[in-house]
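Trainee: I've got a new structure to look at, and I'd love to go through it with you. Can we take it step by step?

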Amino acid sequence: MPPPRRPNAGGTTSVPPPPPRKVPLRSLLRAASVACGVQFGWALQLSLLTPYVQELGIPHAFASLVWLCGPLSGLLVQPLVGHLSDRIAPADSPLGRRRPFIAAGAASIAFSVLTVGFSADLGRLFGDNIRPGSTRFGAIIVYMIGFWLLDVGNNATQGPCRAFLADLTENDPRRTRIANAYFSLFMALGNILGYATGAYSGWYKIFPFTITESCGVSCANLKSAFLLDIIILAITTYVTVVTVQDNPTFGSDEAAPRPSSHEEEAFLFELFGSFKYFTLPVWMVLIVTSLTWIGWFPFILFDTDWMGREIYRGSPEIVADTQKYHDGVRMGSFGLMLNSVLLGITSVVMEKLCRKWGAGLVWGVSNIIMALCFVAMLIITYVAKNLDYGPSGAPPTGIVVASLTVFTILGAPLSVTYSIPYAMATSRVENLGLGQGLAMGILNLSIVIPQIIVSLGSGPWDSLFGGGNAPSFWVAAAASFIGGLVAILGLPRARITPKKRSQR
């Protein structure tokens with residue numbers, strides 16, 4: 001029975017305002033769809049670019065330094081974009097507060113993948129020597145510019161998209177987890193398409209114009225894959241930007257002027273200044289996120305390279321071993337595609353897992369599974385190193401199957417990494433009265449700072465112990481295991497429940 005209506009001061013009966021209409025789940029699904037296009041390119045970047053940059057002449061020991069531009073751009077771009085989008089009132093822009101940044105980021109991605117894909121051709125125009133084994137300095141410079149812009153575009157797109165989903169869910173804990181699960185599902189779909197594209201070796205036959213004097217078969221396949229990426233990205237960006245409208249009942253107060261103590265809560269120095277407002281639960285989320293990404297980044301950097309070098313015993317620097325290396329890279333891409341299938345399945349059941357066991361426990365267990373998988377990769381490396389491959393030089397089927405199995409299992413913890421930390425950060429930072437864009441920027445710091453550390457240290461660290469990928473994977477296993485313990489003990493059965501927003 002509903003409560004009786006109370007008379008107001010004038011003696012009339014007051015009628016409580018109807019609750020605001022929630023954004024339909026299908027709108028959340030469309031809003032998250034841009035993740036598919038962004039992740040398609042990201043999958044190509046992860047699976048193909050570390051091998052490609054070594055083909056251009058950068059040694060393995062310094063290949064990780066190329067990735068340094070990604071976290072550095074993320075350190076600056078995502079907090080700045082989050083700050084700017086927080087301060088735009090939904091009514092002040094025809095595309096709302098987040099979608100202009102999503103569209104601009106997607107345009108930057110499209111331009112940058114063209115730059116990366118055609119870097120060998122552009123380097124030839126700058127006078128590069130295209131003989132096999134030579135260092136192509138012009139192509140490396142063009143590649144670095146495109147790679148930097150690509151990471152700027154990725155950060156400028158994904159951060160506002162996460163914040164857009166948080167705006168649409170109005171910080172409802174259940175709907176926030178569902179929205180992030182949708183985002184993770186589209187990331188899985190983009191990964192599947194991207195890794196499948198990277199695993200196929202015949203794109204140059206479909207796009208024969210991609211083969212040039214300076215760009216051979218593997219380079220032409222890369223170039224063709226990025227052309228497909230632009231098509232997928234354009235479609236998914238259109239769906240997110242054009243078919244979903246901002247929630248008019250949520251977010252406008254964030255863009256309004258704030259009290260003087262919070263008037264400049266923004267960008268980099270102000271972002272670090274906001275740390276003094278953090279509670280212990282916020283710090284626990286950031287600590288576990290940092291440890292998780294110290295675990296993930298060596299794998300992200302060297303997954304297909306590990307398959308090409310340690311399992312297939314190939315090398316991009318030695319002409320006689322180049323084919324074996326590329327066979328391993330393609331098999332690694334296939335393994336990452338299987339990884340993405342499990343990622344998508346896990347994202348579908350993520351909400352039920354969090355309701356049953358608690359988000360903190362799910363996160364902790366997933367990190368321990370990560371650690372066990374990285375240890376398994378080290379064992380496989382040791383076994384493969386001491387096996388006789390025979391006259392064909394092909395790895396035994398058992399070694400390849402074991403490697404693919406580890407790649408596949410890692411899809412489950414990757415799904416957790418793509419969803420639970422964002423949902424936790426959204427609610428816990430929002431409880432402090434900060435905007436959703438700033439919440440994503442704060443979480444981004446705990447992602448990019450570990451990536452900077454790994455990018456600077458992994459190549460020299462690997463060289464110190466013989467030049468393989470095993471030392472970095474030891475660090476990854478240790479960080480993942482510690483992060484799992486911290487999540488289980490520090491976020492026990494954590495529920496993602498926000499407090500009521502205070503009146504301003």
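What follows is a chat about a predicted model, from its overall make-up to a pocket and a single glycine.

Trainee: How many helices and how many strands does the protein chain have?

Mentor: Look at the secondary structure first. There isn't a strand to be found in the protein chain. So what you're left to count comes out at 19 helices and zero strands.

Trainee: What share of the 504 residues counts as buried?

Mentor: To count as buried, a residue needs a relative accessible area under 20%. Going through the 504 residues of the protein chain with that cut-off gives 57%.

Trainee: Where is the confidence lowest, and where is it highest?

Mentor: The mean pLDDT of the protein chain is 79, and 79% of its residues reach 70 or more. Be careful with residues 252–266, where pLDDT stays under 50, and with residues 494–504, where it also stays under 50. Going helix by helix, the lowest mean is 46, in helix H11 (residues 252–255), and the highest is 95, in helix H16 (residues 397–409).

Trainee: Now the largest pocket. Which residues are closest to its centre?

Mentor: That pocket holds about 840 Å³ of space. It is lined by 39 residues, and by class these are 18 nonpolar, 15 polar and six charged. The ones closest to the centre are Glu55, Ser218, Cys219, Thr322 and His326.

Trainee: Which helix gives the most to that lining?

Mentor: Several helices each supply at least two residues, among them H2 (34–55), H8 (173–199) and H14 (322–357). Helix H10 (217–243) is on that list too. With six residues, the one that gives the most is H10.

Trainee: Let's zoom in on Gly344. Is Gly344 buried or exposed?

Mentor: Start with where it sits: Gly344 lies in helix H14. Its relative accessible area is 9%. The cut-off for buried is under 20%, so Gly344 is buried.

Trainee: Which residues is Gly344 in contact with, leaving aside its neighbours within four places in sequence?

Mentor: Don't just search along the chain, since Leu185 is 159 residues apart from Gly344 in sequence. In space, though, the two are 4.9 Å apart, C-alpha to C-alpha. Once the neighbours within four places are set aside, the contacts of Gly344 are Leu185 and Ala188.

Trainee: And across the protein chain, what percentage of contacts between residues at least 6 apart join residues at least 24 apart?

Mentor: The pair of Gly344 and Leu185, 159 residues apart, is a handy example to keep in mind. Now take the contacts between residues at least 6 apart in sequence, and ask which join residues at least 24 apart: that's 82%.

Note on methods: Residues numbered from 1 in each chain as written. Predicted model: local features only at pLDDT ≥ 70, side-chain atom pairs only at ≥ 80, totals over all residues. Heavy atoms only, no water. 1 Å grid on protein atoms, 1.4 Å probe; cavity = no way out; pocket = protein on both sides within 12 Å on 5 of 7 lines; lining within 4 Å. Points joined across faces, edges and corners; volume = space filled by probe spheres on them. Helix = DSSP H or I, 4+ residues; strand = E, 2+ residues; numbered from the N terminus. Nonpolar A, V, L, I, M, F, W, Y, C, P; charged D, E, K, R; others polar. Buried < 20%, exposed > 50% of the residue type's maximum accessible area, 1.4 Å probe, protein only. Contact = heavy atoms within 4.5 Å. pLDDT = per-residue confidence, 0-100.
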